[in-house]
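This note is meant for a colleague who comes to the structure without prior acquaintance. The points below are numbered so that each may be checked in turn against the sequence and the coordinates.

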Amino acid sequence: MTVRSTLAETTDATNAALPNTNTVDSKKSRSKPTVIELWSDAELASSSEGGIQSNDSEHTQDRGGGNTWVTKISRPTLAVYSPDANSSDGSSPSGSPARGTAVVVCPGGGYGGLAIEKEGHEVARWLTTLGVTAGVLKYRCGGGANAHPVPLSDARQAVGLLRSQAEQWNIDPQRVGIIGFSAGGHLAATIATDEATGINFAGLIYPVISMADGVTHNGSRKNLLGQSPDEKLVHQMSRDEQVTAATCPTFLVHASDDRGVSVQNSLRFYSALQEHSVPAELHVFDQGGHGFGMYRGDRPCDQWPDQFKAWMKLHGWLN
């Protein structure tokens, strides 16, 4: 496990693309995370068909508007942001330091690449203003050697890493959650329904949930499962079909006019949660389309972080 400090894939255009007054303060948004490599060279070599690649193979593209796109990831990392000292979750009611909440952030990108800024670092910086330690997961994707179960392995490793460093980062290991967007929402939902990981809560933002024909996002399914996956694997990775009473409390957001990932994905997952009496909250907005991020306008869908904050506080994950 290698630790290094860097600004990690941020762009100067980030705040310029965020007109809403609820956006993260510009000084806080430039805080440097601690970036940790999830796997050693030996571990990567044993799990990679193509062997270890250099960091030079990774490709980063600035698509404008604070939307940085990353592909060809061969060395997955977790960029950990610590909460601001003046944040709302920084102390216990008695005034003494409190063990805080941590969240793994999974950007989307159809399992082909990652919208690492808009659905990663930007989200993590906002979470720190709530007193939450946030880790942006740069997971391997793109199909081929990085198809299932590689992204899941990276996500499990990230959750385990946060818990293993709980004392160092002042984290309560029983207050570790995950939030994911689009295909990153599918990865987060996979962790949410993975009893072995034992995540404490999940936020799924316009997520891919099902791998079933007519409901899934075809690009995500192809990159994750291959061109012609067998029905057993399709069932296994349709996470609405994997919900049990042990699934963690979940917060969901979707827009009914999403033409990229059907709202049926969130509806199916919410219905399964209800069927198994799992605490859940679902927000379906009339307009928003797909990939609206957070606080990027004045539409109701742009304000979902306010509801997420209230939901976290309701369940005791914010002091």
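**Notes on the predicted model**

1. *A threonine after helix H4.* Thr193 belongs to the loop that runs between helix H4 (183-192) and strand S10 (201-205). The model is a predicted one, and the values in this note should be read accordingly. With a relative accessibility of 10%, Thr193 falls under the 20% limit and therefore counts as buried.

2. *Polar contacts of Thr193.* A polar atom of the Thr193 side chain lies 2.7 Å from the backbone oxygen of Ala189. The side chain of Thr193 also reaches the backbone oxygen of Thr190, at 3.3 Å. Leaving aside residues up to four places away in sequence, Thr193 touches Arg239, Gln242, Val243, Thr247 and Phe269.

3. *Overall composition.* The protein has 319 residues, of which 55% are buried. Its secondary structure comes to eight helices and 12 strands. If one takes the contacts between residues at least 6 apart in sequence, 75% of them join residues at least 24 apart.

4. *Strand S9 and its partners.* Strand S9 (residues 171-181) is mostly covered, with eight of its 11 residues buried. Strand S6 (residues 100-106) runs parallel to S9 and is joined to it by six bridges; within this pairing, Val105 has Ile179 of S9 as its bridge partner. S9 also pairs with S10, again in the parallel sense, over five bridges. Here Phe181 stands opposite Ile205 in S10. From S9 the chain passes through H4 to S10, and this β-α-β crossover is right-handed.

5. *The loop before S9.* Ala166 is placed in the loop between helix H3 (150-164) and S9. Is Ala166 buried or exposed? Its relative accessible area is 6%, so Ala166 is buried. Apart from residues up to four places away in sequence, Ala166 touches Arg99, Ile171 and Pro173. The C-alpha atoms of Ala166 and Thr101 are 9.8 Å apart, although these positions lie 65 residues apart in the sense of separation along the chain.

6. *Aromatic pairs: Phe201 and Trp311.* The structure holds 12 aromatic pairs. In one of them, Phe201 and Trp311 meet edge-to-face, with 6.3 Å from centre to centre and 70 degrees between the planes. Because Phe201 lies in strand S10 and Trp311 in helix H8 (residues 304-314), this pair ties together parts that are 110 residues apart in sequence. Phe201 counts as buried, at 0% relative accessibility, and Trp311 is likewise buried, with a relative accessible area of 2%.

7. *Aromatic pairs: Phe251 and Phe308.* How are the rings of Phe251 and Phe308 arranged? Their centres are 5.1 Å apart and their planes stand at 55 degrees, so the pair is tilted. The pair links distant parts of the chain, since Phe251 is in strand S11 (residues 250-255) and Phe308 in helix H8, 57 residues apart. Phe251 has 0% relative accessibility and counts as buried; Phe308, at 0%, counts as buried too.

8. *The aromatic cluster.* Which residues are linked into a cluster by ring pairs? They are Phe181, Phe201, Tyr206, Phe251, Phe292, Trp304, Phe308, Trp311 and Trp317. Phe181, the residue opposite Ile205 in S10, is thus also a member of this cluster.

9. *An open sheet of three strands.* Three strands form an open sheet in the order S3-S4-S7, with antiparallel pairing. Strand S3 (59-62) and strand S7 (114-115) stand at the edges with a single partner strand each, so one side of each is left without a neighbour in the sheet. Strand S4 (residues 68-71) is joined to S7 by two bridges and runs antiparallel to it.

10. *Trp69.* In the pairing with S7, Trp69 stands opposite Ala115. The ring of Trp69 has a charged group over it: the charged end of Arg63 sits 4.3 Å from the ring centre.

Notes. Residues are numbered from 1 along each chain as its sequence is written. This is a predicted model: local features need pLDDT of at least 70, side-chain atom pairs count only at pLDDT 80 or more; totals for chains, interfaces and linings use all residues. Side-chain values use heavy atoms; hydrogens and water are left out. Helices (H or I, at least four residues) and strands (E, at least two) are DSSP runs, numbered from the N terminus. Buried means under 20% relative accessible area, exposed over 50%, partly exposed in between (1.4 Å probe, protein chains only). A polar contact is a pair of N or O atoms within 3.5 Å; within protein, one must be able to donate a hydrogen and the other to accept it, and residues adjacent in sequence count only if both atoms are side-chain atoms. Contact means heavy atoms within 4.5 Å. Rings of Phe, Tyr and Trp (its six-membered ring) pair if their centres lie within 6.5 Å; planes under 30 degrees apart count as stacked, over 60 as edge-to-face and the rest as tilted. A charge sits over a ring if NZ of Lys or CZ of Arg is within 6 Å of the ring centre and within 35 degrees of the ring normal. Two strands pair if DSSP finds at least two bridges between them. A crossover is right-handed if, with the strands pointing away from the viewer, the path from the first strand over the helix to the second runs clockwise.
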